[in-house]
Every structure is written in C-alpha cells, then in structure tokens.
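Q: I have a structure open here and would like to talk it through with you. Could we start with the surface and work inwards?

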Amino acid sequence: MLPAAAVFHFPWEINSGEVQEGLSVRVLGRLVCYQPEESRATLSAQHASKEHQVVVHTLFVEPFNPIIGAQYIVLGEIENAEGVGAMVRARVLNCVDGVNVALLQKATNEQRSFFREREHTPGDAEQPAHAT
C-alpha cells in the first residue's frame, strides 16, 4: 500500500508542532549527522537567521551512502519519538545537492497560496446553467 500524498513541509514547521503525527511529509535539509547504529540522521535548514533541525529515522532506506553537508529530500511519516520529539520515518531519502533552496521555498509558498485560493473559490457547479 502506498503512503498518502506528501505535502512539503520545512524543518521549522515540523519542530513547531504544525504537522500532526502520522501525516506524510516531504522535507528538505542539509545532512549534518548520520548515526548508522541508531538508524538516525539529522537534517538542518536555516530560517529567519536560526538553524532548525529535524531527526530522520533511516531504517527503511538503509543501506545508503551518506554525504555529510549535502542536501537531501525525505519522504516519510511524522511520528513522535521519546527524547527527540517529532521525527520523520523515511520511506525515501534522496540526495539533491545543488538544488536552489531559496527557489524551492518560494515555489512551495506559491503552491500553498494557489491551493488556499482554490479552496476558497466557489466551484463552477454553483453557477446557473444557460438555456439553449
């Protein structure tokens, strides 16, 4: 069975508690730490002059060849882990080093705005039909 469609979230959104446990997410961050004995990696991203980190459980994507300092996108589910808080249980972990992070953040925000507008715009079904 495939996981639900994942919405892109930033590490600071996951850390703030905006994302509920069990939801599928996509997260981008720079790999700053990998602990293979614990199947755990840490991704980091900067926002508003503060560094935000998110812990990733890597058991389902191992073995992989980690490149410390490279950008990664993770697809997985949010779960609460004791002593860690919100953690992403990775289903897919891809190195995307070279991606323009600022442009990706802008595109994500534009997409969110589009979907918010679409939710609040009345559908065509509410318009009267023309008689012929």
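A: Gladly; the accessible areas here come from the Shrake-Rupley method with a 1.4 Å probe. This is a predicted model, and on that basis the chain exposes about 8700 Å², with carbon and sulfur atoms supplying 52% of it.

Q: And what share of the residues counts as buried?

A: Of the 132 residues in the chain, 35% count as buried.

Q: OK, how many helices and strands are there?

A: The chain has two helices and six strands, and their order along the sequence is β-α-β-β-β-β-β-α. Among contacts between residues at least 6 apart in sequence, 53% join residues at least 24 apart.

Q: Let's go inside, then. Which residues touch the most other members of the largest nonpolar core?

A: That core has 20 residues, and those touching the most other members are Ile14, Leu43, Tyr72, Val74, Ile78 and Val88. The elements that give two or more residues to this core are β2 (24-35), β3 (40-47), β4 (50-57), β5 (71-81) and β6 (85-95).

Q: Leu43 caught my eye; what does Leu43 touch?

A: Leaving aside residues up to four places away in sequence, Leu43 touches Gly29, Arg30 and Leu31, then His52, Gln53, Val54 and Val56, and further along Tyr72 and Val74.

Q: Which residues does the second core include?

A: The second core is separate and consists of five residues, among them Phe8, Phe10, Trp12 and Ala45.

Q: Lots of rings in there. How many aromatic pairs are found in the whole structure?

A: The search finds four aromatic pairs. In one of them, the rings of Phe8 and Phe10 have centres 5.6 Å apart and planes at 65°, and since planes over 60 degrees apart count as edge-to-face, the pair is edge-to-face. In another, the rings of Phe10 and Trp12 have centres 4.8 Å apart and planes at 10°, so this pair is stacked.

Q: Phe10 turns up in both of those; are these rings buried or exposed?

A: Phe8 and Phe10 are both buried, and Trp12 is buried as well. Phe8, Phe10 and Trp12 together form one aromatic cluster.

Q: Switching to charges now: how many salt bridges does the search find?

A: It finds four salt bridges in the whole structure. One of them pairs Arg112 with Glu13, where the closest N and O atoms are 2.7 Å apart. This pair links distant parts of the chain, with Arg112 in helix α2 (residues 101-120) and Glu13 in helix α1 (residues 11-15), 99 residues apart.

Q: Why does Glu13 count as buried?

A: Glu13 has a relative accessibility of 8%, and buried means under 20%, so Glu13 falls in that class.

Q: Which strands do the other salt bridges link?

A: Two that I can describe link β5 and β6. Glu77 and Arg91 meet through their side chains at 2.9 Å, N to O, with Glu77 in strand β5 and Arg91 in strand β6, 14 residues apart. The side chains of Arg89 and Glu79 meet at 2.8 Å, N to O; Arg89 lies in strand β6 and Glu79 in strand β5, ten residues apart.

Q: Back to Glu77 and Arg91, what is the relative accessibility of each?

A: Glu77 is at 14% relative accessibility and counts as buried, whereas Arg91, with a relative accessible area of 42%, is partly exposed.

Key:
Residues numbered from 1 in each chain as written. Predicted model: local features only at pLDDT ≥ 70, side-chain atom pairs only at ≥ 80, totals over all residues. Heavy atoms only, no water. Phe/Tyr/Trp six-rings, centres within 6.5 Å; stacked < 30°, edge-to-face > 60°. Buried < 20%, exposed > 50% of the residue type's maximum accessible area, 1.4 Å probe, protein only. Core = buried A, V, L, I, M, F, W, Y, C linked by side-chain atoms within 4.5 Å. Helix = DSSP H or I, 4+ residues; strand = E, 2+ residues; numbered from the N terminus. Contact = heavy atoms within 4.5 Å.
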